[in-house]
Amino acid sequence: MSLQMVTVSNNIALIQPGFSLMNFDGQVFFFGQKGWPKRSCPTGVFHLEVNHNHIKLKPTIFSKDSCYLPPLRYPATCTFKGSLESEKHQYIIHGGKTPNNELSDKIYVMSVVSKNNKKVTFRCTEKDLVGDVPEARYGHSINVVYSRGKSMGVLFGGRSYMPFTHRTTEKWNSVADCLPHVFLVDFEFGCATSYILPELQDGLSFHVSIAKNDTIYILGGHSLANNIRPANLYRIRVDLPLGSPAVNCTVLPGGISVSSAILTQTNNDEFVIVGGYQLENQKRMICNIISLEENKIEIREMETPDWTPDIKHSKIWFGSNMGNGTVFLGIPGDNKQVVSEAFYFYTLKCAEDDMNEEQTTFTNSQTSTEDPGDSTPFEDSEEFCFSAEANSFDGDDEFDTYNEDDEEDESETGYWITCCPTCDVDINTWVPFYSTELNKPAMIYCSHGDGHWVHAQCMDLAERTLIHLSAGSNKYYCNEHVEIARALHTPQRFLPLKKPPMKSLHKKGSGKILTPAKKSFLRRLFD
């Protein structure tokens with residue numbers, strides 16, 4: 001095992017506890033940033049590029065048929081293949097917390113549409129569920145099992161907010177363990193079924209889960225109700241015949257007490273557990289090897305890396321699995337320094353670099369760190385908004401346009417705001433209203449006063465009008481201030497000059513036309 005400190009060259013403030021990493025064909029992608037995405041990276045998904053111990057976050061884009069994906073922290077993620085023989089895989093994302101401290105109950109499917117040296121395009125789709133739909137939660141796990149040529153998702157554990165009938169103003173963000181139910185999710189038909197297994201008595205969260213073929217192993221975790229980290233080890237086996245699925249659970253000996261650990265796969269049948277906690281504020285510095293052979297599991301301690309003094313003395317640490325036997329770790333910065341980063345980051349390699357991608361497809365675990373403050377709002381619970389200036393993705397340097405300093409302007413206007421008293425744009429349920437929208441609502445900038453942003457949908461704008469306004473450079477005003485705008489543009493009124501009709505300039509009864517000199521004299525006379 002080799003431990004190496006790395007530096008993050010840009011957007012370091014986005015990396016906070018609760019993020020997730022996805023590995024597509026050896027490329028690592030960061031998901032679950034702090035705060036809402038900004039226009040520089042509306043997807044909120046970044047390519048985590050590591051070069052000579054330097055990490056750079058490069059924004060990725062979504063295809064036009066993608067749905068909106070909020071930045072979820074502490075979600076459950078896993079890889080999914082249509083079959084064991086399939087080469088391409090997708091990522092399943094369920095649950096998690098939004099920056100507004102709301103919990104998600106949605107399932108998203110992430111897949112790569114196209115990629116080259118400069119751009120990676122994802123397709124994100126939302127999967128609707130029917131039946132026993134799992135409640136919104138975080139700190140749980142989701143895995144995929146394969147049996148008799150079929151596949152099924154298995155969801156377990158986690159925490160959720162107390163029911164509204166039990167929530168008070170003082171304890172509005174209080175959470176409780178989810179019921180220890182096992183959910184089977186059919187990703188093809190969108191059906192979910194709940195199973196009650198007598199062996200599972202506690203709703204564990206932040207546990208480790210390993211899936212291989214038709215079996216899932218649940219290891220460790222934290223029971224919030226009892227405030228313990230039981231050294232339990234469960235084996236859940238799922239049989240998928242033509243009829244109803246069969247689910248059974250077995251309690252195995254040899255478990256370990258740990259929560260919020262990170263799991264990485266080093267070869268086809270071997271995994272490594274890194275990090276986590278054994279007590280409330282005591283990190284677990286021991287690493288373990290997990291071997292799966294012939295439907296048997298063996299857990300043993302291994303030689304630990306040479307932890308740095310900063311890691312040893314820090315109270316918390318967090319991270320995620322980068323794939324290929326590598327773990328990404330973060331610890332708080334030293335506040336005693338005059339200039340200090342919020343977090344320091346390390347990469348821990350537990351395997352050789354020549355590990356192939358096929359060996360990582362079964363690593364499905366809940367790898368986020370444990371929430372340090374369940375009863376209090378997150379530090380980033382305030383809504384983060386898009387910056388007012390848009391940056392195009394066209395050009396050679398499109399990935400370098402994200403400005404970390406924009407994180408300080410959330411008090412200004414942005415997309416995820418209540419733009420007017422009748423605004424009904426919900427960040428959690430927003431869907432494109434105009435064909436020109438992809439990952440964010442269209443906005444109109446009202447020029448009244450200091451200016452403010454308004455959703456084009458709330459202004460009842462036709463798409464043709466929206467395109468026309470976006471293409472021009474003229475000022476325009478929202479519905480609330482449109483009367484002011486009209487008053488500003490109304491010209492001043494002047495009384496018209498009274499001029500005699502031309503026929504009065506003719507001499508009556510003479511039949512003769514006046515000469516120009518006489519006409520000029522008469523005009524001066526009348527005026």
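Where does Cys-478 lie? Look in the loop between α2 and α3 (482-489). Before going on, keep in mind that this is a predicted model.

**The annotated binding site**

Cys-478 has company. An unreviewed UniProt entry carries a "binding site" annotation that covers Cys-446, His-452, Cys-478 and His-481. These residues are spread over 36 residues of sequence, yet they cluster in space, with a largest C-alpha distance of 11.0 Å.

Start with Cys-478 itself. Its relative accessibility is 4%, so Cys-478 counts as buried. If you skip its neighbours within four places in sequence, Cys-478 is in contact with Cys-446, His-452, Val-454 and Met-459.

Now try His-481. This histidine also sits in the loop between α2 and α3. At 12% relative accessibility, His-481 counts as buried, because the cut-off for that word is under 20%. Leaving out neighbours within four places again, His-481 is in contact with Cys-446, His-448 and His-452. There's a polar contact here too: the side chains of His-481 and His-452 are joined at 3.4 Å.

**The largest nonpolar core**

Which residues have the most contacts inside the largest nonpolar core? They are Cys-419, Ile-444, Ala-456 and Leu-461, in a core of 25 residues. Three elements give two or more residues to this core: β31 (443-446), β32 (452-455) and α2 (463-471). Of these, β31 gives the most, with three residues.

Cys-419 is a good one to click on. Setting aside neighbours within four places in sequence, Cys-419 is in contact with Trp-453, Val-454, His-455 and Cys-458.

**A hairpin early in the chain**

Now scroll back to strand β2, residues 20-24. How many of its five residues are buried? Five of the five are, and the strand is mostly covered. The side chains take two directions: Ser-20, Met-22 and Phe-24 point one way from β2, while Leu-21 and Asn-23 point the other way, and all are buried.

The partner of β2 is strand β3 (residues 27-31), and the two pair in the antiparallel sense over five bridges. Within that pairing, Asn-23 stands opposite Val-28 in β3. Together β2 and β3 form a hairpin with two residues between them. One thing to look for in the turn is Asp-25, which has a positive phi of about 55 degrees.

**A buried serine**

Ser-205 is found in the loop between β17 (191-196) and β18 (208-212). Is this serine buried or exposed? Its relative accessible area is 0%, so Ser-205 is buried. Not counting residues up to four places away in sequence, Ser-205 touches Gly-139, Gly-158, Arg-159, Gly-221 and His-222.

**Salt bridges**

Side chains of opposite charge can pair when their charged atoms come close. A search of the whole structure finds eight salt bridges, and the table includes some of them.

| Salt bridge | Closest N and O atoms |
|---|---|
| Arg-123 and Asp-65 | 3.0 Å apart |
| Asp-269 and Lys-212 | 1.9 Å apart |
| Arg-229 and Glu-280 | 3.8 Å apart |

Take the salt bridge between Arg-123 and Asp-65. Arg-123 lies in strand β10 (residues 120-127) and Asp-65 in the loop between β6 (61-62) and β7 (76-80), so this pair ties together parts that are 58 residues apart in sequence. Arg-123 is partly exposed, with a relative accessible area of 30%, and Asp-65 counts as partly exposed at 49%.

Next, the salt bridge between Asp-269 and Lys-212. This pair links distant parts of the chain, with Asp-269 in the loop between β22 (262-267) and β23 (270-274) and Lys-212 in strand β18, 57 residues apart. Asp-269 is partly exposed at 26% relative accessible area, and Lys-212 counts as partly exposed at 22%.

Last comes the salt bridge between Arg-229 and Glu-280. Here Arg-229 is in the loop between β19 (215-219) and β20 (233-239), and Glu-280 is in the loop between β24 (277-279) and β25 (282-283), 51 residues apart. Arg-229 is buried, with a relative accessible area of 10%, whereas Glu-280 is partly exposed, with 48%.

Note on methods: Residues numbered from 1 in each chain as written. Predicted model: local features only at pLDDT ≥ 70, side-chain atom pairs only at ≥ 80, totals over all residues. Heavy atoms only, no water. Core = buried A, V, L, I, M, F, W, Y, C linked by side-chain atoms within 4.5 Å. Buried < 20%, exposed > 50% of the residue type's maximum accessible area, 1.4 Å probe, protein only. Helix = DSSP H or I, 4+ residues; strand = E, 2+ residues; numbered from the N terminus. Contact = heavy atoms within 4.5 Å. UniProt positions renumbered as here; feature names shortened; annotations may be inferred. Polar contact = N/O pair within 3.5 Å; in protein donor to acceptor, adjacent residues only side chain to side chain. Pairing = 2+ DSSP bridges. Salt bridge = Lys/Arg side-chain N within 4 Å of Asp/Glu carboxyl O.
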